[in-house]
Amino acid sequence: MTSLDAGKIKSYLQHDFCVEVIDEVTSTNLVLKGLAEKNAVEGAMLVANNQTNGRGRLDRQFFSPKDAGVYFSFVVKPTGDICDMLTIIAALSVYTTIKKYSTKSIGIKWVNDIYADNKKCAGVLAEGSRNIDNSTLKYAIVGIGVNIYEPPAGYPEDIKNIATSILTNGQNVEDIHNKIVAEIINTFFDLYHNFDKQSILLKYKQSMFILGKKIVVCNNQQETIATAVDIDNDGRLIVQFEDESIHHLNSGDVRLKI
Ligand code: BTN
């Protein structure tokens, strides 16, 4: 049984944010979006012990079983350059926090996935809502899911070879669920309030494990082999295809080539 608790999360938080903990929810992103439409303030958070319809990028499901992980979302209302950096800041915050607790080799897979020993252990889904008149960002919901323990019944067949948890079997960290949530939020808002694009991009780049490696670029159901070369000033992935052409990717998916 997990000990997710709003009071404990708040005791670890460096900000006086509104924290709501719920046992089961469809998707914390989805529910918080409804609250943001009704004017939820920056920092308002929803944390769940399990999601029945956890969602990821590119319309994928995010497996969110009870007690095994934490699934949470929070509201931000950024302006300017930072609007396009939310996924990168969140992924970096997850990476930095997880590294403190995991004995596994942790790395970011561009753009929003965090890996432990070459399998996915966490993901970020940032979704924005824009004003119709000037297309500025009204608010964004940043959603984060972290697999803390292996689920007792294991992972479903379709992800069992690509999913993992941050802790190893038998490893126990006191109050880990509450600490992980609070520390990710603290790290995120530190980077967000002291926004320094170049420094964030540099740290993000140093946390990636695909640079210099052969990858498969998946776009519109087409798969192409390339080398991951670098990150550009907008957080796009610079790749070199086998015909030597260089491209800056701002969407799509990549995976390491085995
Ligand atoms: C991905 O794998 O592409 C991103 C996964 C993001 C999952 C988190 S869990 C909390 C929040 N609610 C959701 O439905 N998704 C995000």
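**Exercise 1. Classify Tyr 71 as buried or exposed, and describe its ring pair with Phe 62.**

*Solution.* Tyr 71 has a relative accessibility of 1%. Buried means under 20% relative accessible area, so Tyr 71 counts as buried. The model used throughout these exercises is a predicted one.

The partner ring is treated in the same way. Phe 62 has a relative accessible area of 12% and is therefore buried as well.

The next step concerns geometry. A pair of aromatic rings is described by the distance of the centres and the angle of the planes. For Phe 62 and Tyr 71 the centres are 6.4 Å apart and the planes stand at 70°. Rings pair if their centres lie within 6.5 Å, and planes over 60 degrees apart count as edge-to-face. The pair of Phe 62 and Tyr 71 is accordingly edge-to-face.

**Exercise 2. Determine the type of the ring pair Phe 188 and Tyr 192, and place it in its surroundings.**

*Solution.* The ring centres of Phe 188 and Tyr 192 are 5.5 Å apart, and their planes meet at 25°, so the pair is stacked. The cut-off for stacking is an angle under 30 degrees.

Both residues belong to helix H4, where four residues, about one turn of the helix, separate them. Phe 188 is buried at a relative accessible area of 0%, and Tyr 192 is buried at 9%.

The last step is to look beyond the pair. Phe 188 and Tyr 192 are members of a cluster linked by ring pairs, together with Phe 17, Phe 74 and Phe 189. The count of aromatic pairs comes to nine.

**Exercise 3. Identify the buried residues of helix H2, and state which strands they pack against.**

*Solution.* Helix H2 covers residues 28–37, and its buried residues are Thr 28, Asn 29, Leu 32 and Ala 36. Viewed down the axis of H2, these fall within an arc of 90°, so they line one face of the helix.

The buried residues of H2 pack against strands E1 (19–25), E2 (45–51), E3 (69–76), E6 (119–130) and E7 (137–147). Just after H2, Asn 39 adopts a positive phi of about 90°.

**Exercise 4. Carry out the analysis of buried residues for helix H5.**

*Solution.* In H5, which spans residues 197–207, the buried residues are Lys 197, Ile 200, Leu 201, Tyr 204 and Ser 207. Seen down the axis of H5, they fall within an arc of 125°, so they line one face of the helix.

Their cover includes two helices, H3 (86–101) and H4 (176–193), and two strands, E4 (106–109) and E9 (222–231).

**Exercise 5. List the residues that come nearest to the ligand, and give its polar contacts with Thr 28, Arg 57 and Lys 120.**

*Solution.* There are 21 residues around the ligand, of which Ser 27, Gln 51, Arg 55, Arg 57 and Lys 120 come nearest.

The contacts can be taken one at a time:

- Thr 28 places a polar side-chain atom 3.1 Å from a nitrogen atom of the ligand.
- Arg 57 has a polar backbone atom 2.7 Å from an oxygen atom of the ligand.
- Lys 120 has a side-chain N or O atom 2.4 Å from an oxygen atom of the ligand.

The ligand on its own has 420 Å² of accessible area, and the protein covers 97% of it. Thr 28 also appears among the buried residues of H2.

**Exercise 6. Describe the surroundings of Asn 50, Ser 165 and Pro 78.**

*Solution.* Asn 50 is situated in strand E2 and is buried, its relative accessible area being 7%. Its side chain makes a polar contact of 3.4 Å with the side chain of Glu 24. Beyond four places in sequence, the contacts of Asn 50 include Ser 64, Pro 65 and Tyr 71.

Ser 165 occupies the loop between E7 and H4 and is buried, with a relative accessible area of 0%. A polar contact of 2.8 Å links its side chain to that of Glu 150. A polar atom of the Ser 165 side chain also lies 2.9 Å from the backbone oxygen of Leu 167.

Pro 78, in the loop between E3 and H3, is buried at 4% relative accessible area. Its C-alpha atom is 7.2 Å from that of Tyr 139, although 61 residues separate the two along the chain. Among the residues that Pro 78 touches are Glu 42, Leu 137 and Tyr 192.

Notes: Residues are numbered from 1 along each chain as its sequence is written. This is a predicted model: local features need pLDDT of at least 70, side-chain atom pairs count only at pLDDT 80 or more; totals for chains, interfaces and linings use all residues. Side-chain values use heavy atoms; hydrogens and water are left out. Buried means under 20% relative accessible area, exposed over 50%, partly exposed in between (1.4 Å probe, protein chains only). The arc is that of the directions from the helix axis to the C-beta atoms. Contact means heavy atoms within 4.5 Å. A residue is near a molecule or strand if one of its heavy atoms lies within 4 Å of it. A polar contact is a pair of N or O atoms within 3.5 Å; within protein, one must be able to donate a hydrogen and the other to accept it, and residues adjacent in sequence count only if both atoms are side-chain atoms. Accessible areas come from the Shrake-Rupley method with a 1.4 Å probe; for residues, only the protein chains shown count as cover. Rings of Phe, Tyr and Trp (its six-membered ring) pair if their centres lie within 6.5 Å; planes under 30 degrees apart count as stacked, over 60 as edge-to-face and the rest as tilted.
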